[in-house]
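User: I'm new to this one and would like a close look at a single part: the place where the two domains meet. Could you walk me through what each side brings to it?

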Amino acid sequence: MGSRKVVTLNEFIIQSQKGFPFATGELSGLLLDICLAAKIVNREVNKAGLVDILGLTGDANVHGEDVKKLDVFAHEVFIDALSKSGACGGIASEESEGFISVNDAGKYVVCIDPLDGSSNIDVNVSIGTIFSILRRKTENGPCEMKDFLQKGCEQVAAGYVIYGSSTMLVYTTGVRVNGFTLDPSIGEFCLSHRDIKMPKQGKIYSINECYRSKFPSWVNDFVDYCKEDDPSTGRPFSSRYIGSMVADFHRNLIKGGVFMYPDMTTHPNGKLRVLYECNPMSFIIEIAGGQSLNHEGKRILDIQPKKLHQRTPVFMGSLELMDTMKTFTSQMVDAK
Ligand code: P6P
């Protein structure tokens with residue numbers, strides 16, 4: 001019988017744990033719980049478009065259950081899975097003003113955007129879940145704010161699920177970045193992208209140019225540079241902006257490029273959140289060989305968060321393209 005080539009996420013997580021002799025299995029268990037919740041969310045996300053077609057009221061489905069907004073549904077699914085995990089002491093969710101303590105004995109806390117880009121569901125655009133795992137600072141008892149307000153460089157794991165043309169889970173525990181594609185026929189995430197490395201150069205720039213009048217001038221200068229016709233440097237680069245961070249990030253991670261959500265005159269801290277959007281994505285991009293900085297050229301992972309839903313401007317991408325971008329502002333010249 002031929003050797004099976006499929007490696008499931010469950011097998012991969014258990015196998016990876018063997019590489020850490022002091023591992024207790026709690027982090028592995030937490031990752032498996034997130035995996036299960038992602039499969040449940042995936043099932044509902046894929047049905048979303050059918051609410052109108054199947055004649056479901058949109059208020060209550062055929063089982064008489066309330067049909068919730070999908071991002072609230074996703075929030076509840078992940079809260080439920082993480083609450084049962086045992087390894088998770090508390091959760092900071094984009095959908096909840098305060099953090100949620102779930103298990104006094106849990107060793108980790110999870111920061112999560114249960115369904116990022118959910119406004120795109122109605123037009124069938126890829127959306128995603130983004131998660132960040134930190135070791136608690138406090139020992140036992142209910143979680144405290146300091147368990148969550150940690151620098152991104154303290155993360156023990158981070159990942160995202162992209163619900164797109166296929167559903168993928170991409171994560172890192174700080175050594176490599178690996179991607180798993182859901183095979184619906186067996187209901188398993190299967191290893192499809194081993195040891196993802198971000199191309200050093202990129203020819204894609206992602207930014208919402210409708211805010212041009214609000215961006216710092218150097219950002220507009222760099223965007224204009226990307227648009228210039230110079231075949232010797234592969235320009236003009238392609239402009240790609242889906243408006244769903246997970247989708248824009250994943251494409252750039254695989255193909256190379258730069259994603260920018262800058263500071264603006266109306267929003268000096270930009271839009272994206274530190275704990276459950278920028279930190280996990282920055283952890284992933286750095287392990288994959290890219291770079292992620294704020295508007296002052298500071299590593300996103302070195303930001304000391306002061307609030308749960310704190311925002312930051314973010315510039316993340318391929319190393320060489322980031323080096324080019326940095327030459328457009330004196331603030332980033334010394335960024336490493
Ligand atoms: P804008 C989605 O609402 C989101 O939080 C991210 O997924 C996405 O990158 C960004 O906001 C898009 O924001 O202002 O360009 O519509």
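Analyst: Let's start with a term: contact here means heavy atoms within 4.5 Å of each other. By that rule, 45 residues of domain 1 touch 30 residues of domain 2. Domain 1 covers 9-193 and domain 2 covers 204-326, with bounds that come from an automatic or database domain assignment. Before going on, keep in mind that this is a predicted model, where local features need pLDDT of at least 70, side-chain atom pairs count only at pLDDT 80 or more, and totals for chains, interfaces and linings use all residues. Residues are numbered from 1 along each chain as its sequence is written, and side-chain values use heavy atoms, with hydrogens and water left out.

Now the meeting place itself. The C-alpha centres of the two domains are 24 Å apart. Between them, about 2700 Å² is buried, and carbon and sulfur atoms give 69% of that; buried area is the accessible area (1.4 Å probe) that two parts lose on being put together, summed over both. On the domain 1 side, I130, L149 and Y160 supply 22% of the area that this domain buries against domain 2, more than any other three residues.

What about polar links? The interface has 0 salt bridges, meaning a side-chain nitrogen of Lys or Arg within 4 Å of a carboxyl oxygen of Asp or Glu. There are, however, 10 residue pairs in polar contact across it, both residues at pLDDT 80 or more. A polar contact is a pair of N or O atoms within 3.5 Å; within protein, one must be able to donate a hydrogen and the other to accept it, and residues adjacent in sequence count only if both atoms are side-chain atoms.

Which elements of domain 1 do the touching? β1 (88-93), β3 (108-116), β4 (127-135), α5 (145-148), β5 (157-163) and β6 (167-172) each supply at least two residues of that side. Helices (H or I, at least four residues) and strands (E, at least two) are DSSP runs, numbered from the N terminus.

Those five strands belong to an open, mixed sheet of 8, ordered β2-β1-β3-β4-β5-β6-β7-β8; two strands pair if DSSP finds at least two bridges between them. β2 (100-101) and β8 (188-193) are at the edges with a single partner strand each, so one side of each has no neighbour in the sheet. Further in, β3 and β4 run antiparallel, joined by 7 bridges, and V110 has I133 in β4 as its bridge partner. Helix α4 (residues 70-83) packs on this sheet, touching β1, β2, β3, β4 and β5, and its direction makes about 160° with that of β3. For that angle, axes are lines fitted to C-alpha atoms, for helices over the stretch in contact, and angles run from 0 to 180 degrees between N-to-C directions.

One last detail sits in the loop between β3 and β4, where N124 is found. Phi of N124 is near 60°, a positive value in a residue other than glycine.
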